[in-house]
Amino acid sequence: MMKQAITIRDAEPQDTESIAGIIRRSFRDVAVRFSLTQDNCPKHPSNCTRDWVESDLKRGVHYFILLDDNEPIGCVGLEKAGSDQCYLERLAVLPERRRNGFGRRLAGYALSQAKAGRAHRVSIGIIAEQTELKEWYARLGFTTNETKSFPHLPFQVTFMEVRIDGATDKAPKATL
């Protein structure tokens with residue numbers, strides 16, 4: 001049996017529809033779990049469109065795509081937020097491809113790209129009640145900073161961060 005080729009590459013402009021589809025499908029279960037709809041949470045990733053991804057690219061979000069034998073099965077966005085900080089955004093793996101280490105691989109790749117870009121820390125925001133996701137990111141070295149409420153969101157957001165410059169005792173575990 002031939003081994004499958006898993007690769008990660010920079011997204012290109014022609015990948016926007018594929019990225020939007022991966023994000024929509026990957027976040028659909030979260031939308032159902034937390035009763036998120038187009039009406040009560042229009043910016044939730046389960047509502048992602050090609051225009052949304054194109055807008056992200058224009059504002060500087062850099063997407064990476066995970067491929068299995070050239071078939072897109074996951075993606076992640078990385079946005080430079082300042083001279084030493086990046087945001088990890090929309091880490092997504094198709095539901096039928098989860099639990100194979102692909103999310104960890106995408107996160108590790110994004111962290112290595114942030115470090116190569118001279119960032120010292122990477123931050124994320126997640127639904128506060130999604131404790132299993134919080135624990136997953138904690139296993140990658142992320143620590144919780146704060147939890148906040150926003151009037152336009154029907155859930156609280158927990159912000160987490162990982163140092164990637166070696167400034168803490170807890171180095172990121174999601175490296176390549």
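This predicted model holds 15 salt bridges. One of them joins Asp29 and Arg98. Others pair Arg50 with Glu54 and Glu161 with Arg121. Away from these charged pairs, the largest nonpolar core has 44 residues.

**Salt bridge Asp29–Arg98**
- The side chains of Asp29 and Arg98 meet with N and O 2.8 Å apart.
- Asp29 sits in helix H1, residues 16-33. Arg98 sits in the loop between strand E4 (85-93) and H3.
- The two residues are 69 residues apart in sequence, so their salt bridge ties together separate parts of the chain.
- Asp29 is partly exposed, at 40% relative accessible area.
- Arg98 is also partly exposed, at 31%.

**Salt bridge Arg50–Glu54**
- The closest N and O atoms of Arg50 and Glu54 are 3.1 Å apart.
- Both residues belong to helix H2, residues 50-58. They are 4 residues apart, which means about one helical turn separates them.
- Arg50 has 36% relative accessibility, so it counts as partly exposed.
- Glu54 has 27%, and it too counts as partly exposed.

**Salt bridge Glu161–Arg121**
- Glu161 and Arg121 bring their closest N and O atoms to 3.1 Å.
- This pair links distant parts of the chain, 40 residues apart. Glu161 is in strand E7 (residues 156-163), and Arg121 is in strand E5 (residues 121-127).
- Is Glu161 buried or exposed? Glu161 is buried, with a relative accessible area of 15%; the cut-off for buried is under 20%.
- Arg121, at 21%, is partly exposed.

**A salt-bridge network**
- Which residues are linked in a network of salt bridges? They are Asp56, Arg59, Glu79, Glu89 and Arg90.

**The nonpolar cores**
- Within the largest core, the residues with the most contacts are Ile23, Leu88, Val122, Tyr137 and Phe142.
- Helix H3, residues 102-116, gives the most to this core: 7 residues.
- A second, separate core has 8 residues. Among them are Val30, Ala31, Phe34 and Cys41.

**Around Val122**
- What does Val122 touch, leaving out residues up to four places away in sequence? Its contacts include Cys86, Tyr87 and Leu88.
- Val122 also touches Leu111, Ala114 and Phe142.
- Further contacts of Val122 are Met160, Glu161, Val162 and Ile164.
- Glu161 therefore appears twice in this picture: Glu161 touches Val122, and the buried Glu161 also forms the salt bridge with Arg121.

Terms used: Residues are numbered from 1 along each chain as its sequence is written. This is a predicted model: local features need pLDDT of at least 70, side-chain atom pairs count only at pLDDT 80 or more; totals for chains, interfaces and linings use all residues. Side-chain values use heavy atoms; hydrogens and water are left out. A nonpolar core is a set of buried Ala, Val, Leu, Ile, Met, Phe, Trp, Tyr and Cys residues joined through side-chain atoms within 4.5 Å. Buried means under 20% relative accessible area, exposed over 50%, partly exposed in between (1.4 Å probe, protein chains only). Contact means heavy atoms within 4.5 Å. A salt bridge is a side-chain nitrogen of Lys or Arg within 4 Å of a carboxyl oxygen of Asp or Glu.
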